[in-house]
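Open the model in your viewer and keep the selection tool ready. We will go stop by stop.

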Amino acid sequence: AGGAACRFASQGASVQAVDITAKAVELTQRHAEVRGIRGVQALQCDAEDLSAVADSSFDYLYSWGVMHHSAHPERCFAQACLKLKPGGRGLIMVYHRHSLRFWLKGLFWLVFKGRIFKGETIESVQRHFTDGFYQKHYSRETLKKALEDAGFSVEAVRVTHMSSRMIPFIPEGLRQWLKQRIGWLIVAHVCRRA
């Protein structure tokens, strides 16, 4: 509903937000209006085809948990790269294939809920507890390769986010250490090659 767009704009950025649904575009515009924030333009379009957005028009790209919900995330990566100016930077977050959440919840649904007997796999059961009709999980290596294939230089890839509910009653230091290895999210810092 435009939370990130409004936050960037409130700090002086000129923001162009993209969403596939008319409702999200409406909510983003309304959010900016209610908060009295200027500099937010919201467009309805598919991230797999951003032809409505001019190439090389952005200094910075921010995608938090979006592109991995596409049927073809790699098309989204390539389209996003084209929209960045050469040398432009960005941050892209996707789901982590080697996360504790992927394996614990996946195995629970596969084995204990009997989905294995219905022909499902560890990948396919993710749809039962992960948001979005589509969701693709990446390892650090597969994300880095997909982003490089799309035209990005990858400056850093970090794993983060692990709810204390996943492993309760452990010391915070250990939780932080585990989060960096088996957390649910991967964040890539990217730059469009010049």
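Is aspartate 55 buried, partly exposed or exposed? It counts as partly exposed, because its relative accessibility is 47%. Here buried means under 20% relative accessible area, exposed means over 50%, and partly exposed lies in between (1.4 Å probe, protein chains only).

A word on the model before moving on. It is predicted: local features need pLDDT of at least 70, side-chain atom pairs count only at pLDDT 80 or more, and totals for chains, interfaces and linings use all residues. Residues are numbered from 1 along each chain as its sequence is written, and side-chain values use heavy atoms, with hydrogens and water left out.

**Stop 1: the loop with aspartate 55**

Stay on aspartate 55. It lies in the loop between strand 2 and strand 3. Helices (H or I, at least four residues) and strands (E, at least two) are DSSP runs, numbered from the N terminus. Show the contacts of aspartate 55: it touches Leu82 and Lys83, not counting residues up to four places away in sequence. Contact means heavy atoms within 4.5 Å. Now select alanine 80, 25 residues from aspartate 55 along the chain. Their C-alpha atoms are separated by 9.1 Å.

Next, select serine 56. It sits in the loop between strand 2 and strand 3. Its phi is near 50°, a positive value in a residue other than glycine. Most residues other than glycine have a negative phi. Serine 56 is partly exposed, at 32% relative accessibility.

**Stop 2: strand 3 and beyond**

Select serine 63, in strand 3 (residues 58-64). It has a relative accessible area of 6%, so it is buried. Look for its contacts with Leu91, Ile92 and Met93; residues up to four places away in sequence are not counted.

Then go to glycine 65. It is in the loop between strand 3 and helix 3 (73-83). At 22% relative accessibility, it is partly exposed. Its C-alpha atom is separated by 15 Å from that of alanine 24, 41 residues apart along the chain.

**Stop 3: helix 2**

Select residues 22-35, which form helix 2. How far apart are its end C-alpha atoms? They are 20 Å apart, which agrees with the 20 Å expected for 14 residues at 1.5 Å a residue. The expected span is 1.5 Å times one less than the number of residues.

Colour Ala24, Val25, Thr28 and Ala32: these are buried. They cover an arc of only 105° around the axis, so they are on the same side of helix 2. The arc is that of the directions from the helix axis to the C-beta atoms. On the other side of helix 2, Glu33 and Val34 are exposed. The buried residues pack against helix 1 (3-10), strand 1 (15-19) and strand 2 (40-44). Just after helix 2, find glycine 36, with a positive phi of about 70°.

Now add helix 1. Gly3, Ala5 and Cys6 in helix 1 meet Thr28, His31, Ala32 and Arg35 in helix 2.

**Stop 4: helix 4**

Finish on helix 4, residues 100-112. Its 13 residues should span 18 Å at 1.5 Å a residue, and its end C-alpha atoms are 17 Å apart, which agrees. Highlight its buried residues: Leu100, Arg101, Phe102, Gly106, Trp109 and Leu110. What covers them includes strand 4 (84-96), strand 5 (137-138) and helix 6 (172-182). Last, select glycine 114, just after helix 4, with a positive phi of about 75°.
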